Amino acid sequence: MSDSQNQSGHGNKKENSKSDHHNEAGMWAFLFSMAFVFAFFIYIVAIHPGIDLKENIHAPVVETQSAADEDVDVSKVAEPWVANDDMVKHGKKLFAQNCAMCHGAEGKGDGPAGQALNPPPRNLVEGPWKKGGGFVGWYTVVTEGLPGTSMAAYGHLKSVDRWALVQFIDSITNAKVKEDPKKVAEFAKSAK
Ligand code: HEC
């Protein structure tokens with residue numbers, strides 16, 4: 001009985017020292033692999049030329065867009081219904097954000113979201129105009145929409161932004177409308 005106890009005690013000791021030995025080797029293997037992972041990490045971050053962890057693949061696209069549609073602060077324009085290059089630039093940006101999906105980037109009625117609509121979005125370069133066109137007609141349509149079509153009302157946009165859109169349309173269309181500036185000003189002052 002005591003013999004077998006001693007034996008098994010001895011056996012345990014032996015096993016312990018054996019597994020200690022294994023653990024030591026395991027520890028070295030572990031330290032090695034950690035060192036390797038660390039070195040690899042340093043290599044990727046600091047040395048490898050092709051990988052930049054801060055890389056943003058969308059950055060170049062956004063850059064070209066913002067360069068092309070550079071925005072202008074028009075909040076101090078006193079009479080936004082009077083033709084003005086800054087307003088056209090601001091309008092171009094708003095058009096790209098709100099209208100181009102249907103009317104196309106250049107207003108030719110070929111935006112991706114407009115293909116299946118009936119009637120399709122108007123080619124704003126060609127016209128014609130259901131509401132008379134010109135500053136008064138376009139402003140009215142942008143503000144109220146065109147019932148019976150997918151042309152929605154954009155009355156929630158600030159008045160100066162709607163005028164900017166009108167001025168952008170005026171800058172791209174061949175179907176310009178001759179208007180008396182006094183009448184436009186009169187309309188603008190009473191319009192919402
Ligand atoms: C969901 C698609 C869609 C979006 C977005 C859209 N439109 Fe339209 N637009 C239309 C459709 C459809 C018509 C009507 C075409 C027709 O009646 O022949 C139209 C017509 C027009 C007209 C012609 C008005 C007239 O008197 O005939 C103007 C101007 C216009 N849109 C400007 C804009 C502007 C500016 C924006 C952005 C603020 C815009 N649209 C956003 C679909 C759209």
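Helix α3 makes a handy starting point: its 14 residues, at 1.5 Å each, should span 20 Å, and the C-alpha atoms at its ends do sit 20 Å apart, so expectation and model agree. The model in question is a predicted one. Within α3, the buried positions are Met87, Val88, His90, Gly91, Lys92, Lys93, Leu94 and Phe95. These buried residues pack against α4 and α6.

One of them, lysine 93, deserves a closer look. Lysine 93 belongs to helix α3 and counts as buried because 20 C-beta neighbours fall inside 10 Å, and 20 is the number at which a residue is called buried. Two residues from earlier in the chain come up beside this story. Valine 72 is 21 residues away from lysine 93 in sequence, with a C-alpha to C-alpha separation of 9.0 Å. Glutamate 70 is 23 residues from lysine 93 along the chain, and their C-alpha atoms are 7.2 Å apart. Glutamate 70 itself sits in the loop that runs between α2 (59-68) and α3. With 11 other C-beta atoms within 10 Å, glutamate 70 is exposed, whereas lysine 93 is buried.

Stepping back to the whole fold, the protein chain has 7 helices and 0 strands, giving the pattern α-α-α-α-α-α-α along the sequence. Of its 192 residues, 20% count as buried. As for the contacts between residues at least 6 apart in sequence, 51% join residues at least 24 apart.

Helix α6 gets the same length check as α3. Its 14 residues should span 20 Å at 1.5 Å a residue, and the end C-alpha atoms are 20 Å apart, so the two values agree. α6 is mostly covered, with 10 of its 14 residues buried. The buried set runs through Asp161, Arg162, Trp163, Ala164, Leu165, Val166, Gln167, Phe168, Ile169 and Asp170, and it packs against α3 and α5.

Helix α5 has its own buried residues, namely Gly134, Phe135, Val136, Trp138, Tyr139, Val141 and Val142. Their cover includes α6 and α7 (181-190). Just past the end of α5, glycine 145 adopts a positive phi of about 75 degrees. Phenylalanine 135 also reaches well beyond its own stretch of chain: neighbours within four places in sequence aside, it is in contact with Trp81, Val166, Asp170, Glu179 and Val184.

These helices come together in the largest nonpolar core, which has 24 residues; Phe135, Trp138, Tyr139, Ala164, Leu165 and Val166 have the most contacts inside it. At least two residues of this core come from each of α3 (85-98), α4 (100-103), α5 (134-144) and α6 (159-172).

That leaves the ligand. It is surrounded by 27 residues, with Cys99, Cys102, Lys130, Lys131 and Met151 the closest. By class, this shell is made up of 17 nonpolar, 7 polar and 3 charged residues. α4, α5 and α6 each supply at least two residues of the shell, and α5 gives the most, with 4 residues. Helices α4, α5 and α6 thus turn up twice, contributing to the largest nonpolar core and to the shell around the ligand.

Methods:
Residues are numbered from 1 along each chain as its sequence is written. This is a predicted model: local features need pLDDT of at least 70, side-chain atom pairs count only at pLDDT 80 or more; totals for chains, interfaces and linings use all residues. A nonpolar core is a set of buried Ala, Val, Leu, Ile, Met, Phe, Trp, Tyr and Cys residues joined through C-beta atoms within 7 Å. A residue is buried if 20 or more other C-beta atoms lie within 10 Å of its own, exposed if 12 or fewer, and partly exposed in between; C-beta atoms are placed from the backbone. Two residues are in contact if their C-beta atoms, placed from the backbone, lie within 7 Å. The expected span of a helix is 1.5 Å times one less than its number of residues. A residue is near a molecule or strand if its C-beta atom, placed from the backbone, lies within 6 Å of it. Ala, Val, Leu, Ile, Met, Phe, Trp, Tyr, Cys and Pro count as nonpolar, Asp, Glu, Lys and Arg as charged, and the others, Gly among them, as polar.
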